[in-house]
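Trainee: Could we go through this model together? I would like to know how each label is earned.

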Amino acid sequence: MAAIWGALGLAAVIDLISALARRPTVSCSLPKALHTGERSALTIELAPPRMGASASVDWPIGLEGPLDAPLSNDGARTDLPVIARRRGTWDVTQLWLKMPSPLGLFDLVPRMTPALSTAVSPDIRPVRSGEIAVRVRSALFGIKQNVAVGDGAEFHQLRDFVPGMDPRSIDWKHSARHRTLLAKETQAERNHSIILGIDSGRLMSAEIAGLPKLDHAINSALALGWAATVAGDRVGLYSYDLRPRLYLPPRSGRGAFARLRAETAKIAYAADESNHALALSDLKVRTPRRSLIVIFSDFVDTTTAELLIENLGALSTRHLVLFVAVSDYDTERQAEARANDLHEMALTVAAGRAVSARAEVLQRLTRLGVTVIDAPRGQAAPALVSAYLVAKMGDRL
């Protein structure tokens with residue numbers, strides 16, 4: 001028996017020494033910049049490879065990845081999936097490797113300090129793709145503006161009147177002067193003021209499809225900001241929670257969008273309730289000229305929405321107001337789900353009441369003259385750009 005224990009002890013010593021002597025070199029890499037919601041990878045390479053090795057990463061709050069993932073055994077690199085969940089600069093400073101010894105008697109768990117960092121910024125991939133710019137230019141500066149009444153209020157040019165054109169477009173004064181019928185062509189007016197008002201209060205920190213509502217709002221706001229920049233309008237920014245936090249006066253040009261992108265990246269996730277009365281009253285004072293005001297916010301019931309409704313109604317008496325929210329698909333699905341027991345029935349009833357209350361608030365806003373966009377995740381930005389183009393081409397700004 002002593003010989004067996006001695007042999008086992010000797011094997012353990014040899015196994016431990018061999019494992020320590022063959023300790024691999026580890027290299028890690030992570031993209032320097034990501035967009036919110038973007039999927040990427042943290043790359044880990046072992047040289048030489050170790051059979052059965054795995055890695056565990058201490059992920060910061062803004063990044064999401066697997067807690068424990070096996071590494072490749074053939075020496076090739078291993079890509080651990082990473083999803084950017086929140087804006088900010090996030091550091092990955094601790095990583096644990098779990099490596100079995102050559103004889104499998106021990107598991108070595110060294111702690112690594114890779115000092116990786118990535119900056120997560122608002123998602124502007126729709127802007128970079130060029131889709132928004134093409135859509136805006138086609139709608140406002142293409143042939144569409146010449147075929148419908150009310151596509152713009154700004155004079156563009158005079159042209160000969162031909163049968164089939166709208167008789168209301170005839171310029172009688174110039175026609176008399178030139179002794180031939182001339183028609184006026186108009187185009188969408190530029191230099192309108194657009195204010196993007198973003199609520200960063202506690203309710204906007206709730207997550208939908210893995211991203212806070214605040215980030216969904218910022219991504220949609222940037223899409224509209226770029227569309228307005230392409231159309232020649234001026235874009236400003238306003239953010240608030242418990243009190244007003246930021247106001248950027250409207251500006252035009254590509255520099256305005258760069259400023260907008262930089263400032264939205266700094267909007268913090270607040271833990272305080274939003275004070276809609278204070279913030280929207282302050283915004284009304286700051287914008288005496290008629291503008292398109294887009295409010296990105298949300299609510300949980302009719303009681304918390306009362307002040308929001310009242311102040312949006314006051315804004316709509318002077319300005320064109322759009323209210324943008326991101327609908328919760330999970331709640332809507334739960335409201336339509338079939339209940340199999342009392343617990344599921346209670347969830348279904350509660351979800352149904354929440355959906356009905358939300359619809360009631362949105363209907364009240366619509367009756368006050370506020371344009372409401374309550375779109376699922378990923379569809380808010382296209383719906384918002386469409387609403388902006390309809391308002392601009394209809395000369396409502």
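**Salt bridges and surface**

Mentor: Happy to! In this predicted model, the side chains of R87 and D215 meet in a salt bridge, at 2.5 Å from N to O. R87 sits in the loop between β7 (78-84) and β8 (88-92) and D215 in helix α5, so the pair ties together parts that are 128 residues apart in sequence.

Trainee: What makes the contact of R87 and D215 a salt bridge?

Mentor: The cut-off is 4 Å between a side-chain nitrogen of Lys or Arg and a carboxyl oxygen of Asp or Glu. The N to O distance here is 2.5 Å, so the pair qualifies.

Trainee: And why is R87 called buried?

Mentor: Buried means under 20% relative accessible area. R87 has 5%, so R87 counts as buried. D215, with 1%, is buried as well.

Trainee: How do you know whether E273 is buried, partly exposed or exposed?

Mentor: Partly exposed lies between the 20% and 50% limits. E273 has 42% relative accessibility, so that residue is partly exposed. Its salt-bridge partner is R202, at 2.5 Å from N to O, and R202 is partly exposed with 41%.

Trainee: Why are R286 and D282 said to be separated by about one helical turn?

Mentor: Because they are four residues apart in helix α7. They form a salt bridge too, with the closest N and O atoms 2.9 Å apart.

Trainee: Last one: why does L342 count as exposed?

Mentor: Exposed means over 50%, and L342 reaches 70% relative accessibility, so the label fits. L342 also forms a nonpolar surface patch with M345 and V349, with about 310 Å² of accessible area together.

Technical notes. Residues numbered from 1 in each chain as written. Predicted model: local features only at pLDDT ≥ 70, side-chain atom pairs only at ≥ 80, totals over all residues. Heavy atoms only, no water. Patch = residues over 30% accessible without salt bridge, like charges linked within 9 Å, V, L, I, M, F, W, Y side chains within 5 Å. Areas by Shrake-Rupley, 256 points an atom, 1.4 Å probe, with all protein chains shown as cover. Buried < 20%, exposed > 50% of the residue type's maximum accessible area, 1.4 Å probe, protein only. Helix = DSSP H or I, 4+ residues; strand = E, 2+ residues; numbered from the N terminus.
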